Amino acid sequence: MAMAALDTHKLFKHLKEAGFTETQAEALAEAGAELLESRLATKEDLRHLREDLERKIDKMREDLERKIDKVRESLERNFGDSHTELENKIERMEDRMIIKLGGLMVVAVGVVAALVKLL
């Protein structure tokens, strides 16, 4: 509980000097002290608030780091899949080029053989 930031005795004396009855002055001083206690933050209140905020920030940081790790893993997995798919396409293209080149060589040898026979 916060300590009263109000000198109730001093307020009580001022109220009595201003013409309030003793009961009125006492009630008003106590009400003022209670109001201040319920509305003012102490150093302890601020320390608790800071600790609470630091815990929440740490949790948010951890959550964000987990989300970033998930995105990173997903990107790495997708990149790996894309890389593998690209390598497979290149290998298939190489195979097709070898077959076409082999076919062209067979045709070229056949043409050269035919020309040799004709000449």
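## Salt bridges along helix 3

Arg72 and Asp69 pair through their side chains in a salt bridge, with 2.9 Å between N and O. This is a predicted model, so distances like that one come from computed coordinates. The two partners sit 3 residues apart in helix 3, which means that about one helical turn separates Arg72 from Asp69. Both ends of the pair can be found at the surface in part: Arg72 is partly exposed at 42% relative accessibility, and Asp69 is partly exposed at 35%.

A second pair to look at is Arg61 with Asp58, whose closest N and O atoms are 3.0 Å apart. Arg61 and Asp58 both belong to helix 3, and they too are 3 residues apart, about one turn of the helix. Arg61 has a relative accessible area of 44%, so Arg61 counts as partly exposed. For Asp58 the value is 38%, again partly exposed.

## A pair with a 4-residue step, and a network

Lys89 forms a salt bridge with Glu85, and here the closest N and O atoms lie 3.6 Å apart. Why does this pair count as a salt bridge at 3.6 Å? Because the cut-off asks for a side-chain nitrogen of Lys or Arg within 4 Å of a carboxyl oxygen of Asp or Glu, and 3.6 Å meets it. In helix 3, Lys89 and Glu85 are 4 residues apart, so about one helical turn lies between them. Lys89 is partly exposed, with 42% relative accessibility, and Glu85 is partly exposed as well, with a relative accessible area of 45%.

Glu44, Arg47 and Glu51 go beyond a simple pair: salt bridges with shared partners join these residues into one network. How many salt bridges does the whole structure hold? A search finds 10. As general background, side chains of opposite charge can pair when their charged atoms come close.

## A negative patch

Glu87, Glu91, Glu94 and Asp95 form a negative patch on the surface. Asp95, one of these residues, is found in helix 3, which runs over residues 43–118. Is Asp95 buried or partly exposed? With a relative accessible area of 47%, Asp95 is partly exposed. Patch members need over 30% relative accessible area, so Asp95 at 47% clears that bar.

Asn88 is also placed in helix 3. Its relative accessibility of 35% makes Asn88 partly exposed. If you would like a feel for distances in the model, try Asn88 and Leu118: they are 30 residues apart in sequence, and their C-alpha atoms are 45 Å apart in space.

## A nonpolar patch

Leu118 turns up again in a nonpolar surface patch of about 580 Å², which is made by Val107, Val111, Leu115, Leu118 and Leu119. Val107, one of the patch residues, is found in helix 3. Is Val107 buried or exposed? Val107 has a relative accessible area of 53%, so Val107 counts as exposed.

## The two ends of helix 1

Now to helix 1, which covers residues 8–17. At its start, a side-chain oxygen of Asp7 reaches to within 3.3 Å of the backbone nitrogen of His9. Just after helix 1 comes Gly19, which takes a positive phi of about 110 degrees.

Key. Residues are numbered from 1 along each chain as its sequence is written. This is a predicted model: local features need pLDDT of at least 70, side-chain atom pairs count only at pLDDT 80 or more; totals for chains, interfaces and linings use all residues. Side-chain values use heavy atoms; hydrogens and water are left out. Patches are made of residues with over 30% relative accessible area and no salt bridge: like charges are joined within 9 Å, nonpolar side chains (Val, Leu, Ile, Met, Phe, Trp, Tyr) within 5 Å. Accessible areas come from the Shrake-Rupley method with a 1.4 Å probe; for residues, only the protein chains shown count as cover. Lys and Arg count as positive and Asp and Glu as negative; His and the chain ends are not counted. The place of a charge is taken as NZ of Lys, CZ of Arg, CG of Asp or CD of Glu. Buried means under 20% relative accessible area, exposed over 50%, partly exposed in between (1.4 Å probe, protein chains only). A polar contact is a pair of N or O atoms within 3.5 Å; within protein, one must be able to donate a hydrogen and the other to accept it, and residues adjacent in sequence count only if both atoms are side-chain atoms.
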